[in-house]
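Me: I am new to this structure and would like a close look at a single part of it. Please take your time and connect the details as you go.

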Amino acid sequence: MTKEQLFKNISEGHEIEFEYNGKKYSITYSPSWEKPYISFCEFYQYTSDVQTPEELIKVERDGVTVLQMLESLSEDKVWIY
C-alpha cells in the first residue's frame with residue numbers, strides 16, 4: 001500500500017488491518033467531537049494514537065515504521081473495511 005492509498009483510506013474512514021512478520025495490526029480513525037485521532041496497534045497490544053496521517057506513518061514497531069510495513073506488503077496481506 002502506498003502512502004497516498006493509506007491517506008485516502010484514512011480520510012474515507014476505513015479500518016485497515018494487515019499482517020506483517022506474522023503479527024496482525026490495525027489502523028482505525030475515530031472522528032471524535034473533541035479531537036479526531038488515528039489509532040495504530042498490534043492486535044491486543046499497546047495502541048499509538050496520533051492526530052494526522054503524517055504522524056501515523058512515522059510510528060515505529062520493532063524498528064520499522066508503519067509506512068515501511070505497509071509498502072512492503074502484497075495486497076493479500078492488507079484488509080480494508
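In which sense do strand S3 and S4 pair, and over how many bridges?

Reply: The model is a predicted one, and the part you ask about is built from two strands, S3 (residues 37-42) and S4, which pair in the antiparallel sense over four bridges. Within this pairing, Thr47 of S4 is the bridge partner of Cys41. The two strands form a hairpin with four residues between them, and in this hairpin Tyr44 takes a positive phi near 65 degrees.

The faces of S4 come next. In a regular strand the side chains alternate between the two faces of the sheet. For S4, the covered face holds Ser48 and Val50, whereas Thr47 and Asp49 are on the uncovered one.

Ser48, which is found in strand S4 (residues 47-50), deserves a longer look. Ser48 counts as buried because its relative accessibility is 11%, which falls under the 20% cut-off. Its contacts, leaving aside neighbours within four places in sequence, are with Ile38, Ser39 and Phe40, and also with Val59 and Arg61. With Arg61 there is also a polar contact, made from side chain to side chain at 3.2 Å.

The aromatic residues add to the picture, for the structure holds four aromatic pairs. One of them joins Phe18 and Tyr25, whose rings are stacked, with 5.3 Å centre to centre and 20 degrees between the planes. Phe18 is buried, with a relative accessible area of 0%, and Tyr25 is buried too, at 1%. Another pair is formed by Phe43 and Tyr44, and this one is edge-to-face, with 6.2 Å centre to centre and 85 degrees between the planes. Phe43 counts as partly exposed at 27% relative accessibility, while Tyr44, at 81%, counts as exposed. Phe40, already named as a contact of Ser48, forms one aromatic cluster with Phe18 and Tyr25.

A residue of another strand also touches this part: Lys23, which lies in strand S2 (residues 23-30), is in contact with Glu42, as well as with Phe18 and Asp62, when residues up to four places away in sequence are not counted. Lys23 is partly exposed, with a relative accessible area of 30%.

Definitions and conventions
Residues numbered from 1 in each chain as written. Predicted model: local features only at pLDDT ≥ 70, side-chain atom pairs only at ≥ 80, totals over all residues. Heavy atoms only, no water. Buried < 20%, exposed > 50% of the residue type's maximum accessible area, 1.4 Å probe, protein only. Polar contact = N/O pair within 3.5 Å; in protein donor to acceptor, adjacent residues only side chain to side chain. Contact = heavy atoms within 4.5 Å. Pairing = 2+ DSSP bridges. Phe/Tyr/Trp six-rings, centres within 6.5 Å; stacked < 30°, edge-to-face > 60°.
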